[in-house]
Amino acid sequence: MKKIKTTLVLERRRLTVVRTKSSMIETYCKVCSKQVLMVSPALAAERASVPVNSIYRGIACNTLHFVETAAGQLLVCCDSLKSDLRS
Ligand SMILES: [Zn+2]
(Lines give C-alpha, C1' and ligand atoms only; values in the text may rest on other atoms or scores of the structure.)
Protein backbone atom coordinates (compact mmCIF):
# COMPACT_ATOMS: atom_id res chain seq x y z
CA MET A 1 0.00 0.00 0.00
CA LYS A 2 1.32 3.38 -1.01
CA LYS A 3 1.42 6.12 1.66
CA ILE A 4 0.06 9.51 0.75
CA LYS A 5 1.44 12.39 2.69
CA THR A 6 -0.81 15.44 2.88
CA THR A 7 0.40 18.73 4.28
CA LEU A 8 -2.20 21.17 5.41
CA VAL A 9 -1.13 24.79 5.81
CA LEU A 10 -3.40 27.16 7.63
CA GLU A 11 -2.78 30.82 7.21
CA ARG A 12 -4.56 33.32 9.34
CA ARG A 13 -4.57 37.00 8.68
CA ARG A 14 -5.72 39.73 10.93
CA LEU A 15 -6.30 43.33 10.01
CA THR A 16 -6.24 45.82 12.81
CA VAL A 17 -7.49 49.28 12.06
CA VAL A 18 -6.51 51.92 14.53
CA ARG A 19 -8.29 55.19 14.13
CA THR A 20 -7.08 58.24 15.92
CA LYS A 21 -8.59 61.65 16.03
CA SER A 22 -6.30 63.99 14.27
CA SER A 23 -5.71 67.06 16.40
CA MET A 24 -4.10 69.03 13.58
CA ILE A 25 -5.01 69.21 9.90
CA GLU A 26 -4.56 71.64 7.05
CA THR A 27 -7.90 72.55 5.56
CA TYR A 28 -9.83 75.43 4.02
CA CYS A 29 -11.11 78.14 6.34
CA LYS A 30 -14.19 79.86 4.90
CA VAL A 31 -13.56 83.06 6.87
CA CYS A 32 -9.87 83.35 5.94
CA SER A 33 -10.66 82.10 2.40
CA LYS A 34 -7.47 80.03 2.30
CA GLN A 35 -5.86 76.80 3.42
CA VAL A 36 -4.92 77.06 7.08
CA LEU A 37 -3.77 74.85 9.88
CA MET A 38 -6.65 73.78 12.12
CA VAL A 39 -6.12 72.31 15.56
CA SER A 40 -8.28 70.84 18.30
CA PRO A 41 -9.51 73.27 20.97
CA ALA A 42 -7.18 71.62 23.51
CA LEU A 43 -4.17 72.07 21.26
CA ALA A 44 -5.25 75.63 20.44
CA ALA A 45 -5.39 76.38 24.17
CA GLU A 46 -1.96 74.87 24.64
CA ARG A 47 -0.48 76.85 21.75
CA ALA A 48 -2.04 80.10 22.98
CA SER A 49 -1.24 79.38 26.64
CA VAL A 50 -4.83 80.03 27.63
CA PRO A 51 -7.46 77.86 29.31
CA VAL A 52 -9.49 75.74 26.88
CA ASN A 53 -12.61 77.65 28.03
CA SER A 54 -11.15 80.75 26.39
CA ILE A 55 -11.00 78.89 23.11
CA TYR A 56 -14.65 77.85 23.36
CA ARG A 57 -15.55 81.43 24.30
CA GLY A 58 -13.72 82.68 21.19
CA ILE A 59 -15.66 80.21 19.07
CA ALA A 60 -18.98 81.29 20.64
CA CYS A 61 -18.14 84.97 20.11
CA ASN A 62 -17.01 84.33 16.51
CA THR A 63 -13.53 85.72 17.18
CA LEU A 64 -12.11 82.27 16.41
CA HIS A 65 -12.84 80.47 13.15
CA PHE A 66 -13.68 76.80 13.31
CA VAL A 67 -14.89 73.81 11.36
CA GLU A 68 -16.60 70.66 12.44
CA THR A 69 -15.36 67.49 10.75
CA ALA A 70 -17.67 64.77 9.45
CA ALA A 71 -16.75 62.82 12.58
CA GLY A 72 -17.98 65.70 14.73
CA GLN A 73 -14.58 66.94 15.80
CA LEU A 74 -14.23 70.68 16.34
CA LEU A 75 -11.11 72.27 14.88
CA VAL A 76 -9.93 75.84 15.38
CA CYS A 77 -8.26 77.99 12.70
CA CYS A 78 -4.70 78.82 13.78
CA ASP A 79 -4.71 82.09 11.83
CA SER A 80 -7.73 83.36 13.76
CA LEU A 81 -6.05 82.19 16.95
CA LYS A 82 -3.07 84.44 16.19
CA SER A 83 -5.39 87.35 15.35
CA ASP A 84 -7.43 86.84 18.51
CA LEU A 85 -4.29 86.91 20.66
CA ARG A 86 -3.17 90.21 19.12
CA SER A 87 -6.46 91.94 19.99
ZN1 LIG B 1 -9.58 81.25 9.56
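This is a short walk through the fold of one protein, as told at a group meeting.

Okay, hi everyone. Before anything else, please keep in mind that what you have on screen is a predicted model.

Let's start with the overall layout. The protein has 3 helices and 4 strands. If you read from the start of the sequence to the end, you get β-β-α-α-β-β-α. There are 87 residues in the protein, and 22% of them are buried. Of the contacts with a separation of 6 or more, 43% come from residues 24 or more positions apart.

Now the sheet. What order do the strands take in it? The order is β1-β2-β4-β3, in an open sheet with antiparallel pairing. That puts β1 and β3, which covers 66–68, at the edges, and each of these two pairs on one side only. On average, neighbouring strands are turned by 40 degrees against each other, if you ignore direction. For anyone who wants the chemistry, strands of a sheet pair through backbone hydrogen bonds.

Let me go through the sheet pair by pair. Strand β1 is residues 24–29, and 6 bridges join it to β2, with the two running antiparallel. One place to look is Tyr28, whose bridge partner in β2 is Gln35. The two strands make a hairpin with 4 residues between them.

In that turn, please find Ser33. Ser33 sits in the loop between β1 and β2. Its phi is positive, about 60 degrees, although Ser33 is not a glycine. Is Ser33 buried or exposed? Ser33 is exposed, because it has just 8 other C-beta atoms within 10 Å, and the cut-off for exposed is 12 or fewer.

Next along the sheet, β2 meets β4, antiparallel again, over 2 bridges. Met38 has Cys77 as its bridge partner in β4, and Val39 stands opposite Val76 in that strand.

Then there's β3 with β4, also antiparallel, over 3 bridges. Here Glu68 is matched with Leu74 as its bridge partner in β4. This pair is a hairpin too, with 5 residues between the strands, and Gly72 in the turn has a positive phi of about 90 degrees.

While we're on backbone angles, have a look at Asn62. Asn62 is in the loop between α2 and β3. Asn62 is another residue other than glycine with a positive phi, near 65 degrees. Asn62 is exposed as well, since 10 other C-beta atoms lie within 10 Å of it.

On to the helices. α1 packs against α2, residues 52–60, at an angle of about 110 degrees, and their axes are 8 Å apart. So α1 is roughly perpendicular to α2. The crossing is right-handed. Which residues meet there? From α1 you have Pro41, Ala42, Ala44 and Ala45, and from α2 you have Val52, Ser54, Ile55 and Tyr56.

Now let's go inside. The largest nonpolar core has 14 residues, and the ones touching the most other members are Met38, Val39, Ala44, Val76, Cys77, Cys78 and Leu81. Where do core residues come from? β2, α1 (41–48), β4 (74–77) and α3 (78–86) each supply at least two. Some of those names you've just heard: Met38 and Cys77 are bridge partners, and Ala44 is one of the α1 residues that meet α2.

Val39 is a nice one to click on. Leaving out residues up to four places away in sequence, Val39 touches Ser23, Met24, Ala44, Arg47, Leu75, Val76 and Cys78.

The last residue I want to show is Val36, which lies in β2, residues 34–39. Why do we call Val36 buried? Val36 has 22 other C-beta atoms within 10 Å, and 20 or more is what it takes to count as buried. With the residues up to four places away set aside, Val36 touches Cys29, Cys77, Cys78 and Asp79. You can also check Val36 against Ile25: they are 11 residues apart along the chain, and their C-alpha atoms are separated by 8.3 Å.

To recap, then: an open sheet of 4 strands, α1 and α2 packed at about 110 degrees, and a largest nonpolar core of 14 residues. That's my tour, thanks.

Methods. Residues numbered from 1 in each chain as written. Predicted model: local features only at pLDDT ≥ 70, side-chain atom pairs only at ≥ 80, totals over all residues. Contact = placed C-beta atoms within 7 Å. Core = buried A, V, L, I, M, F, W, Y, C linked by C-beta atoms within 7 Å. Pairing = 2+ DSSP bridges. Axes fitted to C-alpha atoms, helices over the stretch in contact; angles between N-to-C directions. Parallel < 35°, antiparallel > 145°, perpendicular 65-115°, else oblique. Left-handed = near helix turned anticlockwise from the far one by under 90°.
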